[in-house]
Structure formats: C-alpha cells, structure tokens
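Please look over the structure shown here together with its sequence. The briefing below is arranged by topic.

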Amino acid sequence: MTKILIIYTGGTIGMVNDPVNGTLVPFNFEQIKENVPELKRLDYHLDVHSFNPVLDSSNMDPEIWKTIAQLIYDQYNHYEGFVILHGSDTMAFTASALSFMLENLNKPVVLTGSQLPIGEIRTDAKENLITALEIAAMKKGGKSFVPEVCIYFDSQLFRGNRSIKYNSEKFEAFRSPNYPILAEAGVHLEFHKNFVLKNSGEDLKLNTSFNSNIGVLKLYPGITPQAVKAITHSEVDAIVLETFGSGNTTTAGWFIDCLQHAINNGKIIVDISQCKKGSVQLGRYETSKKLQQMGILSGYDMTFEATVTKLMFVMGLNLSNEESCKLMEQSLRGELTH
C-alpha cells in the first residue's frame with residue numbers, strides 16, 4: 001500500500017467554524033478521514049504529522065522551513081510522497097525554500113491549501129487535498145511522476161520555486177508566470193513531463209544553513225537617498241533589488257554611489273524585475289549598464305519568493321563572494337531560465 005505523509009502546518013484548509021463565537025479554529029487533523037470521508041476510497045496508508053500549535057502562514061520563517069525539511073529528510077525512506085498543508089499567503093516562499101534545502105529530491109513534496117475552510121459547503125479544500133495526495137502517490141516504473149517540490153491549487157500543479165500567490169479572493173490563487181505548469185487536473189490528471197525535473201538517482205541531501213540577514217530595495221519614481229541608504233548602508237549581507245522592466249534603475253549619481261558603497265562593503269546585490277512576467281537583461285539599456293559593470297547580479301526570471309529564499313540559502317553556505325555570486329546566477333532547482 002502506498003504510504004503518504006501529510007504534514008499539517010496550519011492555514012485555512014484545516015479550519016472549522018467554532019459554533020460558540022463564530023471564529024475559525026483548527027480542527028484535529030489526526031481525524032482527517034472523518035472530516036474528508038472521500039479519503040477512505042483512496043488505497044493509501046496516510047500518516048499525519050500536525051504542528052502543535054498550528055501556524056498562520058504569515059508566521060512562517062526559516063526555522064520552521066528547517067523543521068519541515070528535517071522531517072521530510074528523516075522520514076524520506078518510509079513514504080512514497082509528502083503532502084504539506086499550508087496557509088496560502090506564504091506558501092510560495094516555503095515551497096521555494098524547501099526546493100533549495102532538499103537536494104537530489106526524487107519524491108514528490110506537494111504543498112496545498114485552500115481559500116475556504118474544509119468545513120464550508122463550497123470549499124476548495126477537499127479537491128486540493130485529494131488531488132495533491134494522488135500526485136504524491138503517482139509512480140511509473142518505480143519512479144515518482146513529479147520528483148520535486150511543487151504547489152497544487154485549483155486544478156493546476158506548479159513548480160514550487162516558480163510560483164507566486166496572485167489572488168486572495170478566487171480559488172485560482174497561484175500562478176507560475178515564467179514557467180509552464182507541471183500538470184492539470186481535469187477528467188484525467190495530465191502531466192507535462194517535459195517540464196518536470198528529472199529524477200537525479202542520487203541520495204537526498206539536506207541543507208538547512210540559512211542566512212536571513214538580507215534586505216529588499218524596491219524602486220519607485222521619487223525614491224529618496226535616505227530610503228535607499230537605509231538598505232545599502234545597513235548591516236545586511238545581501239540585497240534583493242526590485243527594478244523596473246528588464247532590470248532598469250535611475251541613473252542618478254547618488255543612487256549609483258549607494259549601490260557601489262554596498263558592493264564595496266561586500267554585499268551581494270541581485271536584480272529582479274518588478275514585472276511578474278519576463279526576465280532581467282542587464283546591459284540591454286543604458287539604465288542597467290552601470291549595474292552590470294559594478295557587479296550587480298541578474299536574477300533573470302526568478303520570482304521574488306525564489307530570489308529571497310535562494311539568497312538566504314546561498315548565503316548560508318558560507319562560500320566566498322565569488323562562489324556565492326556564481327550560484328545565484330545558476331539554476332540550482334529549475335528556479336530560473338537564462
């Protein structure tokens with residue numbers, strides 16, 4: 001019998017209405033089959049690991065990512081796949097972080113959740129959960145269909161580190177703006193195998209040394225030197241620079257000087273676009289030529305979530321600046337396209 005481990009961290013999917021005060025409260029996920037009787041029709045052995053207490057996903061942080069990754073690593077040989085039930089708000093961050101922590105992953109790690117609590121009549125929770133379990137269990141020739149960290153939501157399967165949450169009101173909460181979806185759930189589960197990471201055949205490695213001492217500098221017309229210096233002259237070790245279009249910034253002397261100050265003080269700066277779709281192309285326009293010349297890195301088409309978590313991961317490896325910069329511009333888990 002196929003064995004799947006469900007890791008319940010919290011989120012809307014596991015909530016029910018408290019009849020006393022009308023608020024949403026988490027139910028005991030150990031009783032999952034009572035709450036979702038359809039699961040009895042799946043020929044799987046399901047084990048559940050519930051966080052205690054459960055977490056709103058807004059409270060996720062690198063320490064919790066490490067806990068999840070360690071749990072998967074410790075239980076890796078006992079299960080065919082893993083389903084993580086998670087609040088949708090920071091799901092893309094957790095999925096991205098896990099993709100970097102779990103090197104040579106050859107089994108599915110599927111994150112899912114819902115926009116409505118599982119107890120609601122119109123809930124999307126049951127379909128998301130049941131299909132996520134089916135994806136985690138699917139194998140052919142002894143190998144998993146999707147040997148990577150992914151997000152399943154509203155009939156679509158996304159690569160975890162290519163995903164963004166873009167809608168808080170519709171069931172279609174996630175998109176993958178710069179990479180095709182991995183599978184679609186209609187009458188049949190249709191996998192797009194050409195876009196799925198290949199099984200490495202190597203042993204799983206766990207990397208949990210994250211350095212979260214990074215800053216984010218998002219540009220806007222009229223940004224002041226004080227606002228920029230608050231990041232470039234701070235004690236952070238690296239900066240995510242959110243720029244315009246294909247990686248462009250103001251060419252004002254004071255702004256370039258601030259970035260140069262950060263580079264001279266050993267900070268790594270990664271340039272990503274504020275546009276959800278498209279890629280950074282440093283040097284294409286004069287407004288990004290100076291960035292390229294001073295050593296600012298291209299984030300290419302990485303999402304903000306993937307850039308932040310990858311930077312934390314790479315900085316945690318304690319490599320030289322040169323080696324760290326090289327890794328940031330390489331695709332480690334399918335998170336970017338040159």
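What follows covers a sheet, a helix packed beside it, and two individual residues.

This is a predicted model, in which local features need pLDDT of at least 70 and side-chain atom pairs count only at pLDDT 80 or more, while totals for chains, interfaces and linings use all residues. Residues are numbered from 1 along each chain as its sequence is written, and side-chain values use heavy atoms, with hydrogens and water left out.

**The sheet**

- An open sheet is formed by 4 strands in the order β17-β18-β19-β20, with parallel pairing; strands are DSSP runs of E of at least two residues, helices are runs of H or I of at least four residues, both numbered from the N terminus, and two strands pair if DSSP finds at least two bridges between them.
- β17 and β20 (297–298) stand at the edges with a single partner strand each, so one side of each is left without a neighbour in the sheet.
- β17 and β18 run parallel and are joined by 5 bridges, one of the partnerships being that of Ile-214 with Ala-238 in β18.
- β18 and β19 also pair in the parallel sense, over 6 bridges, and Glu-242 stands opposite Ile-272 in β19.

**Helix α5 and its surroundings**

- β17, α5 and β18 make a right-handed β-α-β unit, where right-handed means that, with the strands pointing away from the viewer, the path from the first strand over the helix to the second runs clockwise.
- In α5 (residues 225–232), Val-228, Ile-231 and Thr-232 are buried, that is, under 20% relative accessible area with a 1.4 Å probe and protein chains only, as against over 50% for exposed and partly exposed in between.
- Seen down the axis of α5, these buried residues fall within an arc of 90 degrees, so they line one face of the helix; the arc is that of the directions from the helix axis to the C-beta atoms.
- The cover over the buried residues of α5 includes β17 (214–218), β18 (238–243) and α6 (253–264), with contact meaning heavy atoms within 4.5 Å.

**Asp-271**

- Asp-271 is found in strand β19 (residues 268–273).
- Leaving aside residues up to four places away in sequence, Asp-271 touches several residues, including Leu-241, Thr-243, Val-280, Leu-297 and Tyr-300.

**Ala-95**

- Ala-95 lies in helix α3 (residues 91–101) and counts as buried at 0% relative accessibility.
- Not counting residues up to four places away in sequence, Ala-95 touches Leu-111, Val-149, Ile-151 and Gly-160.
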